[in-house]
Each structure stands twice: as structure tokens, then as C-alpha cells.
Amino acid sequence: MTIAVGDKLPDVKLVKAGENGPEQVQSADYFKGKRVALFSVPGAFTPTCSAKHLPGYVEHAADLKAKGIDEIACTAVNDPFVMGAWGKSAGSADVTMLADGNGDLAEALGLTMDGSGFGLGKRGQRFSMVVNDGVVEQLHVEAPGEFKVSAADYMIDQL
């Protein structure tokens, strides 16, 4: 079952790519008491994710925060070292990189995809959501192969 607007996020373990290395966090703790723009990519350093998705959120971080977003977070089914390296090379301090290395969050959200045809295995779908104090306020899931509704500029228009 896919998560829907109004649902509480499942509580799973994620790993935040911190300045001092990986930091384990529970999603319930991470999303508590704040309004977070969360976006998911199939993989760090992949073409669309690196050329458009992450850069859009980096570029529009101030716009999102001006519309009431407290924090911006990116998740992918990658390990925390890859997410940290990607954040350092293409991100900014305005975007928190959350590794979903085992795909627990993607699975619990009902938003997995099979990237085996590309050698990627099971991954998270491309999506964005606004999470307000742990509850899904907005959810935008991309159709396979598309990049429209999960983009930062689309989210800004919806706020």
C-alpha cells in the first residue's frame, strides 16, 4: 500500500550523512516538530538526479524556506558514504542527505521500483512530499521515466 496525504510517516532507521560521518536517525525523530520538503531519487550520481533533481532543491532552498519549509531532505537507496559524497559534490548545507541504504523507507512508503534492468536493483521511486510534524501534507510521485512533479519548482508552486 502506498502512503497517502494525511498518513503518518513510518518510523524506520535512516542514516544522515553528517559532517563527522554517518549518523543514525529514526525517521519519527527526524521529522518531528518541523515541516520538511523531502524528495527521493533512484540513486545518487545518476543522470537526472545529478543534473536536475538535487540542483533544483539547492537552487530553490531559500524559496522553499520562504514558503514555510524548515528543512529540505534528500533520500535514496544508497549508503551514507555515497550520499555524503554526492551532497559535498553537488549539494549544499541547505539539503540534508538521508541514506535509505536497505530501502526500508522506500519499502514502508510503498514507493519502490525495480531498477534491475539498469543494474540498480530495488530502489526508491522518484517523488517529493511535504511532511509536517511526521504527517504527509503533500505527495507527488513521478510516473516512470518522468521528472516533473517531484521537482523543486513544482513543489514551490504547490505551497
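**Entry 1: D79**

I began with D79, which I found in the loop between β4 and α4. Helices and strands here are DSSP runs numbered from the N terminus, with H or I over at least four residues for a helix and E over at least two for a strand. D79 is partly exposed, at a relative accessible area of 35%. My scale for this: buried is under 20% relative accessible area, exposed is over 50%, and partly exposed is in between, with a 1.4 Å probe and protein chains only. I also looked up A99: its C-alpha lies 5.6 Å from that of D79, although the two residues are 20 apart in sequence.

**Entry 2: what I am looking at**

A note to self: this is a predicted model, in which local features need pLDDT of at least 70 and side-chain atom pairs count only at pLDDT 80 or more, while totals for chains, interfaces and linings use all residues. Residues are numbered from 1 along each chain as its sequence is written, and side-chain values use heavy atoms, with hydrogens and water left out.

**Entry 3: the whole chain**

I went through the secondary structure of the protein chain and noted six helices and nine strands. Its radius of gyration is 14 Å, close to the 15 Å from the globule rule for 159 residues, so the chain is as compact as a globular protein of that length. That radius is taken over C-alpha atoms, and the rule is 2.2 Å times the number of residues to the power 0.38. Along the principal axes, the C-alpha atoms fill a box of roughly 40 × 35 × 30 Å.

Next I looked at burial and found that 47% of the 159 residues count as buried. I then turned to contacts, meaning heavy atoms within 4.5 Å. Among those between residues at least 6 apart in sequence, 62% join residues at least 24 apart.

**Entry 4: the cores**

Which residues touch the most other members of the largest nonpolar core? I listed F39, Y57, I72, C74, M83, W86 and V95, out of 22 residues in that core. The elements giving two or more residues to this core are β3 (35-40), α2 (47-59), α3 (61-66), β4 (71-76), α4 (80-90), β5 (95-99) and α6 (152-158). Apart from it lies another core, of 18 residues, among them L9, L14, L38 and L105. A nonpolar core here is a set of buried Ala, Val, Leu, Ile, Met, Phe, Trp, Tyr and Cys residues joined through side-chain atoms within 4.5 Å. In soluble globular proteins, nonpolar side chains tend to be buried together.

I looked more carefully at I72. Leaving aside neighbours within four places in sequence, I72 is in contact with A37, F39, Y57, A61, L64, K65, D94, V95 and T96.

**Entry 5: E71**

One place before I72, I stopped at E71 in strand β4. Is E71 buried or exposed? At 17% relative accessibility, E71 counts as buried. Its partners, not counting those within four places in sequence, are Y30, K34, R35, V36, A37 and T96. For V36, I noted a C-alpha separation of 4.9 Å from E71, with their positions 35 residues apart along the chain.

**Entry 6: I156**

I moved on to helix α6, where I156 is found. I156 is buried, with a relative accessible area of 12%. Beyond four places in sequence, I156 touches H60, D63, L64 and K67. I also checked A37: it is 119 residues from I156 in sequence, and the C-alpha atoms are 9.9 Å apart.

**Entry 7: M129 and D133**

I looked up M129 in strand β8 (residues 127-132). M129 is buried, with a relative accessible area of 0%. Setting aside residues up to four places away in sequence, I listed I3, L9, V36, A37, L38, L109, V136, Q138, L139 and M155 as touching M129. From M129 to D157, 28 residues along the chain, the C-alpha separation is 13 Å.

My last stop was D133, in the loop between β8 and β9 (135-141). D133 has a positive phi of about 50 degrees although it is not a glycine. With 43% relative accessibility, D133 counts as partly exposed.
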